[in-house]
Amino acid sequence: MSNLNELSIQEAAAKLQAGDITAVDLARACLAEIEKRNKDLNVYLEVFNDVEEQARMADERRKAGESHPLLGIPLAIKDNILIKGKRASASSRMLENYVATYDATVIKKLKEAGAVFLGRTNMDEFALGGSTENSAFGPTKNPHDESRVAGGTSGGSAAAVAAHMALGALGTDTGGSVRNPASFCGVVGLKPTYGSVSRFGVIAAVSSFDQVGPIAKTVEDAEIILSTIQGKDQFDSTSIDGNLYPKHSEKKVIGVVEGLAESKVSEIENAKRKELEAQGYTVKSISLPSLKFALATYYITNFAEVSSNLSRFDGVRYGLALKGDSLAEDYAKSRAEGFGPETRRRILLGTYVLSAGYYDAYYGKAGLAREQLRKEFETAFEDVDVIMTPTMPDVAWKIGEKEDPLSAYLADIFTVPANLTGNPAISIPAGLVDGLPVGIQLTAAHGDEAALLRVGKALLGESK
Amino acid sequence: MISKEDIQKLAELSRIKLTEAETESLQKDISNILDYVGQVSAIEGSADKNVPLNHNVMRDDVPYEEGSALKDARNAIVDAFPKKEKDYNSVRKIIQKDE
């Protein structure tokens, strides 16, 4: 039985339920593909040694009468999500040998559903970056062109799905970290509404942005994972239930942002817009004047929260602990050795923008801009179901091409707004530019993931 | 351009030891990045008038019960301490005599 690893979750679930295949067959198919390609692609930092055992248990649960669309489905998990008893390093030397002491809530929910965890996937260290080049354990290569990046920060998770080394995956999205690699690798990536998925047990990067999201081959598959992991959690006080935001009725209107610069992806975006018009959607031009400040606002907030979130890594309670001549030296040595260059850079920048003399000029202004943008989005969603933009302004770049950190930051122009405002957004594979995949991004009103899924399915031809 | 002394001060505040070469490259990178994000100065309005949408959500101040998931997690966290005495995390002395 070959190529089971190429099935979608939905297809595999149907075959499992019909008894045509077992979870062990599925797991073995993925493991065989991992064996073949992981050395070259550097997708998994670790493949778990109990995958077949997990799959056998899933088969037994099915025999005992259980059924869930994820029962026996092999998934890849980003290295910043805790699985009890397994390592979780956030691709950092700092946590290289850290073993998780509890399950993240998303993991607990996936275990209850019976999903099989294949391994932990490579990422930019502490989810800081956009290409997985900031991993302490080497970059993940793009399955479509191994000289190029897979995107990031969830590059391993997206590449695992694109290369059929997993049926689906979990990533986390702080400024596009699920959608960016989904675009570069040609798969679906969804960032839910802020708070709709618990972050208990997820290593924090920027707490006012971070969300866990699914990466999958189809919109339907992303929906299956999302519906399994979402919901309010007593262990995450920022989590929300599905009824917090008012329900939106379908308008069949797509919003496009006025005055957006042309990019390599514009042509494909126009074509996709026409496809939707042919399916009965109308297109409306919308104005988001604060968008021009989005990147600056995003990065100021990112630096500030990163510098405070990562202050917990001091070599005292867990993680890398190096000794110097004094306690202050212990800290300085552990943090110099444990953190990579981009992480250190952001901690220094965050310390700067939060310092007494500059706080108002940077962090204070960023807070204002963020609130203005949120209001502009809210107004826009009175008239449209989703806002359509490219996910990334370009195709995946060559590994090592963006040496200047600022040039890498600028690639996040389309993805950061949804994190600033907390809106849900999805990247849908839309075609090829220069032979490489690009994605189209849809953003919806708070709590209206249904619109993303509906329009996403229309774009991918999954509508019934 | 941000000064070398400023970079060293930031490193000290951040508890990160920097090499000479790193201090220089950070001086350049951080200056470029601050120039870029400095465009937020064009945003009108005063930061102290910004009322955040979010508010704190507190849990009840009661101890976790024996056998609960969080009690187990607590014990696992204690087990992960690099050095411990009983349930205490053993850290080195912070107050030191000036030589």
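Here a student and a tutor talk through a helix, two cavities and a pocket of a predicted model.

Student: Let's start with helix α15 of chain A. Why is α15(A) called largely enclosed by the rest of the structure?

Tutor: Buried means under 20% relative accessible area. In α15(A), 9 of the 12 residues are buried, so the helix counts as largely enclosed. Among the buried ones are L452(A), L453(A), V455(A) and L459(A), and also E449(A) and K457(A).

Student: What is the expected span of α15(A), and what does the helix reach from its first C-alpha to its last?

Tutor: The expected span is 1.5 Å times one less than the number of residues. For the 12 residues of α15(A), 449-460, that is given as 16 Å, and the helix reaches 16 Å, close to the expected value. Just after the helix comes G461(A), with a positive phi near 70°.

Student: Now the empty spaces. What makes something a cavity and not a pocket?

Tutor: A cavity is a set of points where a 1.4 Å probe fits but cannot get out, while a pocket is an open set. By this rule there are 2 cavities of 30 Å³ or more. The largest has a volume of about 90 Å³, and the second largest has about 40 Å³.

Student: Which residues lie nearest the centre of the largest cavity?

Tutor: They are G129(A), G175(A), S177(A), Y298(A) and D412(A), out of 16 lining residues. Helix α9 of chain A, residues 294-309, gives the largest share of that lining, 3 residues.

Student: How many residues of each class line the largest cavity?

Tutor: The lining has 10 polar residues, 4 nonpolar and 2 charged. Gly counts as polar under this scheme.

Student: How do you know which classes line the second largest cavity?

Tutor: Asp, Lys and Arg count as charged, and Phe, Ile and Ala as nonpolar. The lining includes K78(A), D79(A) and R120(A), as well as F48(A), I77(A) and A88(A). By class, the second largest cavity has 5 nonpolar, 5 charged and no polar residues in its lining.

Student: And the second largest pocket: which residues are closest to its centre?

Tutor: This pocket has a volume of about 1200 Å³. Of its 39 lining residues, Y102(A), R199(A), F200(A), G201(A) and F235(A) are the closest to the centre. The largest share of the lining, 4 residues, comes from helix α3 of chain B, residues 69-79. By class, the lining has 20 nonpolar, 8 polar and 11 charged residues.

Definitions and conventions. Residues are numbered from 1 along each chain as its sequence is written. Chains are lettered from A and ligands numbered from 1 in the order in which they are written. This is a predicted model: local features need pLDDT of at least 70, side-chain atom pairs count only at pLDDT 80 or more; totals for chains, interfaces and linings use all residues. Side-chain values use heavy atoms; hydrogens and water are left out. On a 1 Å grid over the protein atoms alone, a cavity is a set of points where a 1.4 Å probe fits but cannot get out, and a pocket is an open set with protein on both sides within 12 Å along at least five of seven lines; lining residues have an atom within 4 Å of a point. Grid points are joined across faces, edges and corners, and a volume is the space filled by probe spheres set on the points. Helices (H or I, at least four residues) and strands (E, at least two) are DSSP runs, numbered from the N terminus. Buried means under 20% relative accessible area, exposed over 50%, partly exposed in between (1.4 Å probe, protein chains only).
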